[in-house]
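Student: I would like to go through a new structure with you. Could you show it to me first?
Tutor: Here it is. Ask what each label rests on.

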Amino acid sequence: MSVSIETKPDDPSTTDPAKPRTEVLRPHAEHTFAGELTALAAHDDRPRPARWKLSPWAVSLYLLGGTLPDGTVITPKYVGPRRLVEVAVTTLATDRALLLLGVPGTAKTWVSEHLAAAVSGDSTLLVQGTAGTPEEAVRYGWNYARLLADGPSREALVPSPVMRAMAAGTTARVEELTRIPADVQDTLITILSEKTLPIPELGQEVQAVRGFNLIATANDRDRGVNELSSALRRRFNTVVLPLPESVEAEVDIVSRRVGEIGRSLDLPAVPDGIDEIRRVVTVFRELRDGVTSDGRTKVKSPSGTLSTAEAISVVTSGLALAAHFGDGVLRADDVAAGILGAVVRDPAADRVVWQEYLETVVRERDDWTDFYRACREVSA
């Protein structure tokens, strides 16, 4: 026996894309880019899978950016290989789930959110993976007051985001899948293979309707990682998101994201500090790769990942310093402390790596004198 899950309409004051959201620090993707999604839907005359808001072609255009026939500009949400995005979108149109894999800071969560927003118009059906994520977060839980009063019943059941997505035919998201304990991970096997979630307490089941799929993100670099079982991994089509290929590509990503964050925080415009952004990215890439950008000097790498996400954080913090304690222009003094905090995670080993990099690389660059001085001051 199957059971239907009621999906109550959300409070329009929090979900209506047309309503002002100026007080929300970080609106969901479907609200932030509601205008672009509406424009894409109006011009999208290609076939759409069941319950998709856009066709796969339009979803890809939404992520990669472009211009519609009426001149509407669709901003890029992801800067990277087009084919990877096309494979990810196509996967969601099949019966296989999508696993976005990559080192920290490769925009896995960002891509996952935008895919769900474009496909289903709702990116909020989310399970956040941690070492303490219980099975109920993936399957279902109970309202214990009603359970004790009336016993197991449909009214006492609390559906998980995954169960709600199955019933509505929409996209669910599982963040940091490899942080979830292995026995909890494996609760997804039946859901992904049989497209069914049994409820043995009621003698019922929830069957996924057309349109349901699941996007998971994972990385195998951080501590606390739980390997996926081979049975679970087979249920996913894996797309590996790489680090940005070039300095310019990474500068573009950092500039875009810092600009979006800065506008929500009333910080100065990014173009005023593009030179400092390029220096931050260059430092991160050289320490990450273990060699200078010209390939002439090998350098030691610190223990941290020095991801693009961390570069975004360093620049955003620097802009805040420039806005509140400077003249609003991003300078070397504003980013030096942030870089030190990102690089020196291990006070002993990483500090040696950083000092050696400062003296052998940064000091030798004539146009980096201000940057060298600022870094020396915060490193003292």
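Student: Which elements do the buried residues of α3 pack against?
Tutor: This is a predicted model, so keep that in mind throughout. The buried residues of α3 pack against α2 (29-32), α4 (56-64), β2 (73-74) and α6 (108-120). Helix α3 itself spans residues 34-43. Its buried residues are Ala-34, Glu-36, Leu-37, Ala-39 and Leu-40.

Student: How many helices and strands does the protein have?
Tutor: The count is 17 helices and eleven strands.

Student: What makes the protein as compact as a globular protein of that length?
Tutor: Set two values side by side. The radius of gyration is 23 Å, and the globule rule gives 21 Å for 380 residues. The two are close, so the protein is as compact as a globular protein of that length. Along the principal axes, the C-alpha atoms fill a box of roughly 75 × 50 × 40 Å.

Student: What share of the residues count as buried?
Tutor: Of the 380 residues, 47% do. The cut-off for buried is under 20% relative accessible area. As for the outside, the protein exposes about 18,300 Å². Carbon and sulfur atoms supply 51% of that area.

Student: What part of the contacts comes from residues 24 or more positions apart?
Tutor: Such residues account for 70% of the contacts with a separation of 6 or more.

Student: Why is Leu-358 called buried?
Tutor: Its relative accessible area is 0%. Buried means under 20%, so Leu-358 qualifies. Leu-358 is found in helix α16. Leaving out residues up to four places away in sequence, Leu-358 touches Arg-363, Tyr-372, Cys-375, Arg-376 and Ser-379.

Student: How far is Leu-358 from Val-119?
Tutor: Their C-alpha atoms are separated by 47 Å. Along the chain, the two are 239 residues apart.

Student: How do you know that Glu-359 and Arg-376 form a salt bridge?
Tutor: Check the N to O distance. It is 3.1 Å for this pair. The rule asks for a side-chain nitrogen of Lys or Arg within 4 Å of a carboxyl oxygen of Asp or Glu, so the pair meets it.

Student: What does the pair of Glu-359 and Arg-376 tie together?
Tutor: Glu-359 lies in helix α16 (residues 349-360) and Arg-376 in helix α17 (residues 369-379), so the pair ties together parts that are 17 residues apart in sequence. Glu-359 also meets Arg-363 in a salt bridge, at 3.2 Å from N to O.

Student: Why is Arg-363 called exposed, but Glu-359 and Arg-376 partly exposed?
Tutor: Exposed means over 50%, and buried means under 20%. Arg-363 has 51%, so it is exposed. Glu-359 has 24%, so it falls in between. Arg-376 has 39%, so it falls in between too.

Student: What makes Arg-257 and Glu-260 a salt bridge?
Tutor: Their closest N and O atoms are 2.7 Å apart. The limit is 4 Å, so they count. Both residues lie in helix α12 (residues 247-265). They are three residues apart, about one turn of the helix. Glu-260 is partly exposed, at 24% relative accessible area.

Student: How many salt bridges does the rule give?
Tutor: The count comes to 20. Shared partners join Glu-250, Arg-285 and Arg-288 into one network.

Student: How many charged side chains are there, and how far apart are the centres of the two sets?
Tutor: There are 43 positive and 53 negative side chains. The centres of the two sets lie 3 Å apart.

Student: What makes Ala-107 stand out for its phi?
Tutor: Its phi is positive, near 70°, in a residue other than glycine. Ala-107 is found in the loop between β3 (97-101) and α6. At 27% relative accessibility, it counts as partly exposed. Glu-176 also has a positive phi, about 55°, and is not a glycine. Glu-176 is found in the loop between β7 (171-175) and α9 (182-185).

Student: Which residue follows α8, and what is its phi?
Tutor: Gly-169 follows α8, with a positive phi near 75°. Helix α8 covers residues 161-168. Its buried residues are Pro-161, Val-162, Met-163, Ala-165 and Met-166.

Note on methods. Residues numbered from 1 in each chain as written. Predicted model: local features only at pLDDT ≥ 70, side-chain atom pairs only at ≥ 80, totals over all residues. Heavy atoms only, no water. Helix = DSSP H or I, 4+ residues; strand = E, 2+ residues; numbered from the N terminus. Rg over C-alpha atoms; globule rule 2.2 N^0.38 Å. Buried < 20%, exposed > 50% of the residue type's maximum accessible area, 1.4 Å probe, protein only. Contact = heavy atoms within 4.5 Å. Areas by Shrake-Rupley, 256 points an atom, 1.4 Å probe, with all protein chains shown as cover. Lys, Arg positive; Asp, Glu negative; His and termini not counted. Charge placed at Lys NZ, Arg CZ, Asp CG, Glu CD.
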